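Thanks, everyone. I'll keep this short. Please bring up the structure and follow along.

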Amino acid sequence: QVQLVESGGGLVQAGGSLRLSCAASGRTSMNNIMAWFRQAPGKEREFVGRISWIGGSTYYADSVKGRFTISRDNANNTMYLQMNSLKPDYTAVYYCAAGRPVLSRYEWNAWGQGTQVTVSS
């Protein structure tokens with residue numbers, strides 16, 4: 001099993017920046033893809049972006065392209081989400097997930113507990 005712990009959330013003004021971290025432990029080798037999701041109040045959880053542990057290739061949702069950057073530190077099994085030019089509608093609980101590709105989709109096998117990001121106007 002993989003355990004994921006997010007950190008770095010908080011309150012920030014619109015236009016500001018935050019960096020979230022996701023520390024992975026346990027059987028991390030079973031999941032070669034890491035991702036960020038978010039869930040705003042009253043809305044469904046949505047995909048933000050993902051990164052592969054090997055190679056570091058990334059993919060982002062259109063809504064965050066150019067504002068968010070995902071990176072990883074393989075030595076410390078940690079993934080990051082750098083968020084710039086934040087907007088109030090980015091307010092949400094941000095979750096990290098670990099998974100692997102299965103056929104044409106991704107299977108997410110582990111989730112963190114989430115970290116709150118609040119962007120004030």
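Start with one pair of residues: Ser71 stands opposite Tyr80 in β8. Keep in mind that this is a predicted model. The pair sits where β7 meets strand β8, residues 78-83. Those two strands run antiparallel, and six bridges join them.

Now widen the view. Which strands make up the open sheet, and in what order? There are four, ordered β1-β3-β8-β7, and their pairing is antiparallel. At the edges stand β1, residues 2-7, and β7, residues 68-73. Each has a single partner strand, so one side of each has no neighbour in the sheet. On average, neighbouring strands here are turned by 20° against each other, ignoring direction.

A quick reminder on pairing. Strands of a sheet pair through backbone hydrogen bonds, in parallel or antiparallel fashion.

Stay with β8 for a moment. Thr78 is found in this strand. Is Thr78 buried or exposed? Its relative accessible area is 10%, under the 20% cut-off, so Thr78 counts as buried. A polar atom of the Thr78 side chain lies 2.9 Å from the backbone oxygen of Asn76. Set aside neighbours within four places in sequence, and what does Thr78 touch? Its contacts are Ser21, Cys22, Ala23, Trp53, Ser71, Arg72 and Asp73. Ser71 is the residue we started from, opposite Tyr80.

Cys22 is on that contact list too, and it brings us to the disulfide. How many disulfides does a search of the whole structure find? One. It joins Cys22 to Cys96, with an S to S distance of 2.1 Å. Cys22 lies in strand β3, residues 18-26, and Cys96 in strand β9, residues 92-102, so the bond ties together parts that are 74 residues apart in sequence. The torsion about the S-S bond is about 65°, so this disulfide is right-handed. Both ends are out of reach of the probe: Cys22 is buried at 0% relative accessibility, and Cys96 is buried with a relative accessible area of 0%.

Last stop, the partner of β9. Strand β10, residues 105-111, pairs with β9 in the antiparallel sense over six bridges. Within that pairing, Gly99 has Trp108 in β10 as its bridge partner. The β9 and β10 hairpin has two residues between the strands. Look at Leu103 in this hairpin: its phi is positive, near 55°.

To recap: an open antiparallel sheet of four strands, one disulfide, and a hairpin of β9 and β10. Over to you for questions.

Technical notes. Residues numbered from 1 in each chain as written. Predicted model: local features only at pLDDT ≥ 70, side-chain atom pairs only at ≥ 80, totals over all residues. Heavy atoms only, no water. Disulfide = S-S within 2.5 Å. Buried < 20%, exposed > 50% of the residue type's maximum accessible area, 1.4 Å probe, protein only. Pairing = 2+ DSSP bridges. Axes fitted to C-alpha atoms, helices over the stretch in contact; angles between N-to-C directions. Polar contact = N/O pair within 3.5 Å; in protein donor to acceptor, adjacent residues only side chain to side chain. Contact = heavy atoms within 4.5 Å.
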